[in-house]
Every structure is written in C-alpha cells, then in structure tokens.
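Reader: I'd like a close look at one part of this protein, the open sheet, and at how it sits in the rest of the chain. Could you walk me through it?

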Amino acid sequence: MFNQKPCPVSGCPNYAVSFRDECYNHLEDKDAYRQYLYSYFEKNSMFTGLNFSYVPFADMEFHEKVFLLVDFNHAQFSNLIADNLTLHMCFLDYALFDSCKLIGAKHTHCVFAGSRLRNTLIEDTNMLQTNFNNTDMKNVVFSEADLYNSRFIAGRLEDVSFHDCNLKNVNFRRTFRQNVSFKYSNHEDALFDEKDAV
Ligand SMILES: [Zn+2]
C-alpha cells in the first residue's frame, strides 16, 4: 500500500515521499533526490505503493515500466517519453504533463482529476475508467485510445483531438470545449449535456 508517513515539519499536511522522511517540498536535497529517483527508475521496472507527490520530473524515458498504487499527485512531468507503461490505481491528480508522449500504455482505475496537460500525445493507449474530472487540457491529442467509461466532467478542453478513440460511456458533461475534434471516434456513444450537441 501507499507509504503514508506524515511529513514531520510542523503544520505540513503532506506525506513523506518514498525513501525520505519529509515531503518533497521540505526536502533539503531536492536535486540529489531527483537524481536518485532517475537512476532508481532506470534500474527497476516495477514500482508498488510509493509516493512521489509534488516531485518535478524532466526529460525522462520510461520503457515498459509497471506502476501499482503509486502516488504522483501534484507531480510535474515535462518531456516525458513513455512507451508500454502499465499504471493500475495510480494517483496523478493535480499533476502537470507538458510536452509528454505516452504511447502503448495500459491504465486502469487511475486518477488524473484536476491535472493539467499541455502539448501532450496519448497514443495507442488503454485508459479504461480513468478519472479526468476537472482537468485542464490544451493542445492534447488522444489517438487510438480506449477511454471506455472514463470521466472528463467539468474539464477544460482546448485544442484537443480524440482521433479514432473509443468514447463509449465517456462522460463529457459540464466540460468547456474549444476546438475539440472527435474524428473517427464514436462520440455518439459518449455522454454530453443535453443542450450540448456535438
Ligand atoms: Zn512537508
């Protein structure tokens, strides 16, 4: 399960990140910690019950990694290139993805609620029952993604393309959408506000 050790700094509501006693914001050796994580991710392929909340990651490549019950809430990913990832019950709420490519991933029961996605490609990816509620997306492409039963409720989608995606039971209610394309996707099987024909 998750590492739920509280940060010992008085008044801090966060939990300690994995392999350290404090939360990321209260680490004194943030650079060294990130370097440690980069080599830890490189040397291992399966990660379970870890907490990387608030950690900023940049210029990383993940190849066939498996994450189970890993907490990345408020983490930041820039220039992440990931192929064939497996994420099960991972928390990415309020995370930031900027200039990322996620290709061939399998996500089940993951939470992206409140996250921000910028200039990001999600391709050939199975994201069943994913919570994207209140996400803020700009310049994002979902291509050949199976989003069955996922929720984008109350999200902001600007310049977002769903190209050849499975949108069966996907909930777009209360979304703000500007320049959103559903080309070759079954948006007729998705859920929209009644007044809000696509
Ligand atoms: Zn703290």
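Author: Here's the sheet, then the loops and the core, then the whole chain.

Quick housekeeping: this is a predicted model, where local features need pLDDT of at least 70, side-chain atom pairs count only at pLDDT 80 or more, and totals for chains, interfaces and linings use all residues. Residues are numbered from 1 along each chain as its sequence is written.

On to the sheet. Five strands form an open sheet in the order β1-β3-β5-β8-β10, with parallel pairing. A strand here is a DSSP run of E with at least two residues, a helix is a run of H or I with at least four, and both are numbered from the N terminus. Two strands count as paired if DSSP finds at least two bridges between them. The edges are β1 (46-48) and β10 (126-128), each pairing on one side only. From one strand to the next, the twist averages 5°, using axes fitted to C-alpha atoms and angles that run from 0 to 180 degrees between N-to-C directions.

Zoom in on β3 and you'll find it paired with β5 (residues 86-88) in the parallel sense over three bridges. V66 stands opposite T86 in β5.

Now follow the chain out of β3 (66-68) and into the loop that leads to β4 (76-83), where L69 is found. Phi of L69 is near 50°, a positive value in a residue other than glycine. Most residues other than glycine have a negative phi. L69 is partly exposed because 17 other C-beta atoms lie within 10 Å; the cut-offs are 20 or more for buried, 12 or fewer for exposed, and partly exposed in between, with C-beta atoms placed from the backbone.

What about the core? The largest nonpolar core has 50 residues, and F72, A75, C90 and L92 touch the most other members. Such a core is a set of buried Ala, Val, Leu, Ile, Met, Phe, Trp, Tyr and Cys residues joined through C-beta atoms within 7 Å. Leaving out residues up to four places away in sequence, A75 touches F52, S53, Y54, V55, F57 and A95, a contact being C-beta atoms, placed from the backbone, within 7 Å.

Stepping back, the protein chain has one helix and 13 strands. Of its 198 residues, 37% count as buried. The C-alpha atoms fill a box of roughly 50 × 35 × 25 Å, taken along the principal axes.

Technical notes: Contact = placed C-beta atoms within 7 Å.
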